[in-house]
Amino acid sequence: MLDHKIPPPLVALLVAAGMWFVARVPPEMPVAAWARWSLGAAFLLVGLSFDLRGLLEFRSARTTVNPLRPQRASHLVTGGVYQTTRNPMYVGMALILTAWAVFLAAPVSLLGPAVFVGYITRFQIQPEERALQQLFGDEFRVYCDKVPRWL
């Protein structure tokens, strides 16, 4: 099974490479370069913000940031950006991929973020949630009831 086998940043890089490859397939979106750069930069900055804020919350709680070993979590992080989404780092990666799709200006490349979200949900987030449920029990269940997985 692929659960927890491929680091999420590597998954994002592979998806980004696939997006670049398929972006050569017509049609191209007729969008001015300034608009692509502006919108892409906005998605990039918001995505990086989610990633950084999520990472800083984990560091502050002194718990593992290793997504391949969720069973090593020492604290359930629920503050800061984790009050908005249970997976800010994955949200950040999806937004960065969206920025890349905007920059590529190819409609087919917009599938990339959706592929990433689907893959990460199935092979990373769901196994993480099972591990966190075992570690934190009702506290994690209550948290899941209050905060969405994505946005």
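Colleague: How are accessible areas obtained, and what does the accessible surface of the protein chain come to?

Modeller: Accessible areas come from the Shrake-Rupley method with a 1.4 Å probe. In this predicted model, the accessible surface of the protein chain comes to about 8,600 Å², and carbon and sulfur atoms account for 67% of that area.

Colleague: What secondary structure does the protein chain have, and in which pattern?

Modeller: The chain has four helices and zero strands. Along the sequence this reads as α-α-α-α.

Colleague: How does the radius of gyration of the protein chain stand against that of a compact globule?

Modeller: The general idea is a rule for globules: 2.2 Å times the number of residues to the power 0.38. For 151 residues, a compact globule would have a radius of gyration near 15 Å; the protein chain has 17 Å, which agrees. Along the principal axes, the C-alpha atoms fill a box of roughly 50 × 35 × 25 Å.

Colleague: What share of the contacts joins residues at least 24 apart in sequence?

Modeller: Taking contacts in the protein chain between residues at least 6 apart in sequence, 80% join residues at least 24 apart.

Colleague: How should burial be read, and which residues have the most contacts inside the largest nonpolar core?

Modeller: A residue is buried when its relative accessible area is under 20%. Buried residues make up 41% of the 151 residues in the chain. The largest nonpolar core has 32 residues, and those with the most contacts inside it are Tyr82, Leu97, Phe116, Ile120 and Trp150. Two or more core residues come from each of helix 1 (8–22), helix 2 (33–61), helix 3 (88–104) and helix 4 (111–146). Helix 3 gives the largest share, nine residues.

Colleague: Which residues does Tyr82 touch?

Modeller: Leaving out residues up to four places away in sequence, Tyr82 touches Gly54, Glu57, Phe58, Val77, Pro88, Met89, Tyr143 and Val147.

Colleague: Where do residues with positive phi lie, and are Arg62 and Ala105 buried or exposed?

Modeller: Arg62 is not a glycine, yet has a positive phi of about 55°. Arg62 lies in the loop between helix 2 and helix 3 and is exposed, with a relative accessible area of 72%. Ala105, also a residue other than glycine, has a positive phi near 55°. Ala105 is found in the loop between helix 3 and helix 4 and counts as buried, at 1% relative accessibility.

Colleague: What kind of peptide bond joins Pro26 and Pro27?

Modeller: Pro26 and Pro27 are joined by a cis peptide bond, with omega about 5°. Pro27 lies in the loop between helix 1 and helix 2.

Terms used: Residues numbered from 1 in each chain as written. Predicted model: local features only at pLDDT ≥ 70, side-chain atom pairs only at ≥ 80, totals over all residues. Heavy atoms only, no water. Core = buried A, V, L, I, M, F, W, Y, C linked by side-chain atoms within 4.5 Å. Buried < 20%, exposed > 50% of the residue type's maximum accessible area, 1.4 Å probe, protein only. Contact = heavy atoms within 4.5 Å.
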